[in-house]
Amino acid sequence: MGEDDKRLSLVALIALVVGSMVGGGAFNLAGDIALGANAGAVIIGWIITGIGIIALAFVFQNLTMRKPELDSGIYSYAKDGFGTFLGFNSAWGYWLSAWLGNVAYATLVFSSIGYFIPVFEGGQNIASILGASVALWLVHYLVLRGINSAAFINTIATIAKVIPIFLFLIIAIIGFKWDTFTFEFWGSEGFSWGSVSEQVKSTMLVTLWVFIGIEGAVVMSGRAKNRSDVGKATVIGLISVLLIYILISLLSLGIMPREELAALPNPAMAYVMEEIVGKWGAIVINLGLIISVMGAWLGWTMFAAELPYVTAKDKVFPKWLAKENKNKAPVNSLWLTNGLVQLFLITLLFSETAYNFTFSLASSAILIPYMLSAFYQVKLTLTGETYQSVKKRKKEKIVGVIASIYAIWLVYAAGIDYLLLTMLLYAPGIILYKWALKENNIQKQDTKIERMFMFIIVILGVIALAGLLTGKINI
């Protein structure tokens with residue numbers, strides 16, 4: 001097989017984007033979003049999310065075309081635009097989000113298996129942890145066989161997972177009840193800016209969680225057959241998935257009242273389907289979720305292993321993470337990533353809402369990488385670098401500004417607790433960053449801005465740790 005045959009086609013890249021976004025989150029979207037918002041606020045939330053996430057998709061598309069030499073995606077954009085330390089933090093945050101997301105997937109998939117085999121019910125008991133561990137190391141083995149083989153399996157899984165989702169959408173349209181959808185449209189007390197604003201904020205981490213993966217083609221851009229396919233895959237995948245998500249959440253609110261929807265076990269879609277057509281519907285959805293999550297788990301394992309590998313090659317992560325096996329898989333990076341997933345799987349025994357906590361933390365961790373990418377787009381348009389057309393420059397500046405505002409809004413909407421917990425996870429990265437510089441004999445003096453960021457991360461991390469120890473921050 002030639003070197004070009006081992007690279008990823010447009011179809012494989014689209015499957016990576018769609019497969020990474022349409023994971024377990026899609027199957028529990030209706031229940032997660034109903035926890036804090038009524039139909040009116042959900043619609044506003046989707047308008048904000050749609051505008052922001054489309055702008056972010058265009059940012060990734062623009063940057064892949066403007067900076068084709070930056071083939072490490074999110075990490076390389078931050079590094080090129082804002083220096084080595086922020087580049088490191090972009091890679092670190094993305095990597096944290098990727099493997100924390102896999103912990104959430106493990107919880108959800110065994111909750112779904114628990115529908116058929118009661119010993120796994122809930123997805124976070126000892127039997128589920130053992131089962132998830134077996135699944136984890138099976139995925140590990142598949143990725144060790146090579147990125148191209150894993151991407152092919154992911155493509156098949158992506159096709160298989162959308163079938164039950166489309167079946168759900170068709171049946172939900174038939175079973176949709178307008179009276180149910182409009183009941184307490186803004187909440188029990190009617191419309192008020194304060195109430196609706198809080199409801200909209202509650203949807204933000206949920207909608208971000210189901211879109212994490214939008215940058216999947218960008219992360220793997222160094223392995224694409226054609227560079228131009230990366231941007232196409234990102235936009236095609238995003239538009240398709242956005243329509244699916246909006247329909248899932250809004251149609252579900254027309255099937256069951258919000259309070260009932262919010263109280264459903266994972267995965268909510270299965271029980272909504274059961275409400276319409278009976279038990280066979282829940283069986284189909286649960287089977288679809290198992291296929292979906294395993295496919296997304298595979299895709300995210302590839303992403304999680306790829307980023308430490310490419311940053312180690314760039315001398316920003318420790319050298320040993322740059323090692324490949326004979327199949328060109330990032331072997332040491334993969335062992336570190338899945339070792340941490342295994343460790344965190346054990347912690348599921350001590351959290352009552354493991355899935356919601358881990359997906360919220362994964363969403364929060366990725367905010368900084370997304371924000372830095374959006375800021376980099378704005379920076380390029382301000383400096384005029386790579387632009388010949390004034391009209392094109394203005395257009396892409398608007399896109400970058402919208403994506404930046406969306407990213408800042410997400411940090412605000414996530415809330416102080418998740419910001420603090422995220423900084424607690426970012427703080428150990430400073431040690432790894434210094435280690436990598438020393439190991440590679442890089443004599444680099446931290447800038448004033450870098451020292452300021454290090455100080456802020458450490459202080460917020462200490463506050464988070466104190467909050468956990470005193471019970472002021474609950475997990």
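This passage describes the internal cavities of a predicted model and three of its helix packings.

The model is predicted, so that local features need pLDDT of at least 70 and side-chain atom pairs count only at pLDDT 80 or more, whereas totals for chains, interfaces and linings use all residues. Residues are numbered from 1 along each chain as its sequence is written, and side-chain values use heavy atoms, with hydrogens and water left out.

The structure holds 2 cavities of 30 Å³ or more, a cavity being a set of points, on a 1 Å grid over the protein atoms alone, where a 1.4 Å probe fits but cannot get out. The largest cavity encloses about 80 Å³ of space, the volume being that filled by probe spheres set on the grid points, which are joined across faces, edges and corners. Its lining (residues with an atom within 4 Å of a point) consists of Asn38, Ala39, Thr180, Phe181, Phe183, Glu184, Phe185, Leu253, Pro257, Arg258 and Glu259. At least two of the lining residues come from each of helix H8 (178-182) and helix H12 (258-262), where helices are DSSP runs of H or I with at least four residues, numbered from the N terminus. By class, 6 residues of this lining are nonpolar, 2 polar and 3 charged; Ala, Val, Leu, Ile, Met, Phe, Trp, Tyr, Cys and Pro count as nonpolar, Asp, Glu, Lys and Arg as charged, and the others, Gly among them, as polar.

Helix H14 (residues 279-313) takes part in two of the packings described here. Its axis and that of helix H13 (residues 268-277) come within 6 Å and cross at roughly 155°, axes being lines fitted to C-alpha atoms over the stretch in contact, with angles from 0 to 180 degrees between N-to-C directions. H13 is therefore roughly antiparallel to H14, a term for angles over 145 degrees. Contact, meaning heavy atoms within 4.5 Å, involves Met269, Ala270, Met273, Glu274 and Val277 of H13 and Lys279, Trp280, Gly281, Ala282, Ile285 and Asn286 of H14; these residues comprise 7 nonpolar, 2 polar and 2 charged.

With helix H15 (residues 331-347), the axis of H14 comes within 8 Å and crosses at roughly 125°, and the two helices are therefore oblique to each other, as are those whose angles fall outside the ranges under 35, 65 to 115 and over 145 degrees. Thr301, Ala304, Ala305, Pro308 and Tyr309 of H14 meet Ser333, Leu334, Thr337 and Asn338 of H15, a contact with 5 nonpolar, 4 polar and no charged residues.

Helix H3 (residues 39-66) and helix H17 (residues 367-383) pack at about 55° with their axes 10 Å apart, and these helices are therefore also oblique to each other. Leu56, Phe58, Val59, Phe60, Asn62, Leu63 and Arg66 in H3 meet Tyr370, Ser373, Ala374, Tyr376, Gln377 and Leu380 in H17, and the residues of this contact divide into 9 nonpolar, 3 polar and 1 charged.

Methods:
On a 1 Å grid over the protein atoms alone, a cavity is a set of points where a 1.4 Å probe fits but cannot get out, and a pocket is an open set with protein on both sides within 12 Å along at least five of seven lines; lining residues have an atom within 4 Å of a point.
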